[in-house]
Amino acid sequence: MNNILLVEDDPTLLKLFSEQLTRIGYAVDACADAGVALGLWWQDPRKYRLVITDLSMHPRNGLELAKALRRLECETPILLHSATGNPPTRSDMDAHGITAFLQKPFDIDTLKRNIEMVLG
Amino acid sequence: MARTTRGKLLRWALILGGLLWGFPATLAIAEGIPEMPSNTPWWVWLMLSIAFGGATFLTAVSTAVRQARKTAIQEWENLHASEKKARLECEERARSQSEQLAGLQTQFLRLQTKNQRYSITIHRLRTLMQQWAMLSDKPIPDLSLLMDEEEIEQQHHGDSPA
């Protein structure tokens with residue numbers, strides 16, 4: 001099953017991403033908080049094939065979530081996206097175990113292509 | 001050379017110097033004194049020579065020392081004055097630089113605030129564009145005009161992971 005753990009603190013975007021990802025064939029568990037996402041992953045570490053997370057979130061941002069997941073020996077690919085003007089550098093991403101980054105705004109085709117690329 | 005030897009040498013130098021310098025002077029003075037008897041014992045001449053010579057020599061040495069001290073004091077005062085001038089210049093320069101720094105800090109804070117506002121606006125705009133992109137089938141407008149040159153440069157050179 002193509003389960004995706006989606007983390008996005010903007011409620012509108014969370015809803016839209018969930019709908020679009022579901023529409024293109026993925027099963028989505030969505031949450032607005034990095035702590036909740038960690039809990040969901042911890043309940044069943046083998047369930048998710050991909051984690052999609054926003055960068056700018058409170059109290060924990062996407063990089064911190066990724067780092068926490070990697071500390072728990074999570075090997076699931078992590079796709080980070082952000083609307084910020086200062087995206088993380090390659091070395092930042094490597095240090096936090098980020099697989100790929102997407103700059104907002106992106107359309108659903110771009111998201112789909114990136115997901116397929118990350119999942120190989 | 002030991003200190004005592006140096007002291008002895010100096011003492012003898014003073015006595016000899018006094019004799020060599022003082023004897024002709026004593027003779028010259030004695031010639032001018034008519035009451036001076038011709039059978040004056042030799043040790044009187046010697047004592048007079050030592051007294052005159054020593055006094056003259058000591059006066060010369062004392063004058064030289066006083067002159068040297070005066071010169072040293074003058075030099076020290078000049079040095080002190082130039083040091084004071086340099087210190088005042090440094091203080092003035094430091095004050096001026098401090099004022100410049102304060103101005104730059106104010107300017108930096110203003111620009112930083114402006115930059116933060118700009119970043120927040122861009123973030124909101126991109127989030128809205130993302131919502132629009134998820135809802136619409138139309139292509140996303142080019143937002144490169146909103147990015148600064150550095151960001152565009154980064155993306156072109158692949159520094160940015162995006």
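**Exercises on a two-chain predicted model**

Chain A and chain B bury about 1,700 Å² between them, with 65% of it on carbon and sulfur atoms; buried area is the accessible area (1.4 Å probe) that two parts lose on being put together, summed over both. The model is predicted, so local features need pLDDT of at least 70 and side-chain atom pairs count only at pLDDT 80 or more, while totals for chains, interfaces and linings use all residues. Residues are numbered from 1 along each chain, chains are lettered from A, and side-chain values use heavy atoms, without hydrogens and water.

**Exercise 1.** Determine which residues of chain A lose the most area to chain B.

*Solution.* Step 1: the contact (heavy atoms within 4.5 Å) takes 21 residues from chain A and 18 residues from chain B. Step 2: on the chain A side, the most area is lost by L16(A), A83(A) and P105(A), together 31% of what that side buries.

**Exercise 2.** State how many salt bridges the rule finds across the interface of chain A and chain B.

*Solution.* Step 1: a salt bridge requires a side-chain nitrogen of Lys or Arg within 4 Å of a carboxyl oxygen of Asp or Glu. Step 2: the structure holds seven over all chains, but zero across this interface. Step 3: one salt bridge joins K15(A) and E19(A) at 3.1 Å, N to O. Being four residues apart in helix α1 (residues 11-23) of chain A, K15(A) and E19(A) are separated by about one helical turn.

Conventions. Helices (H or I, at least four residues) and strands (E, at least two) are DSSP runs, numbered from the N terminus.
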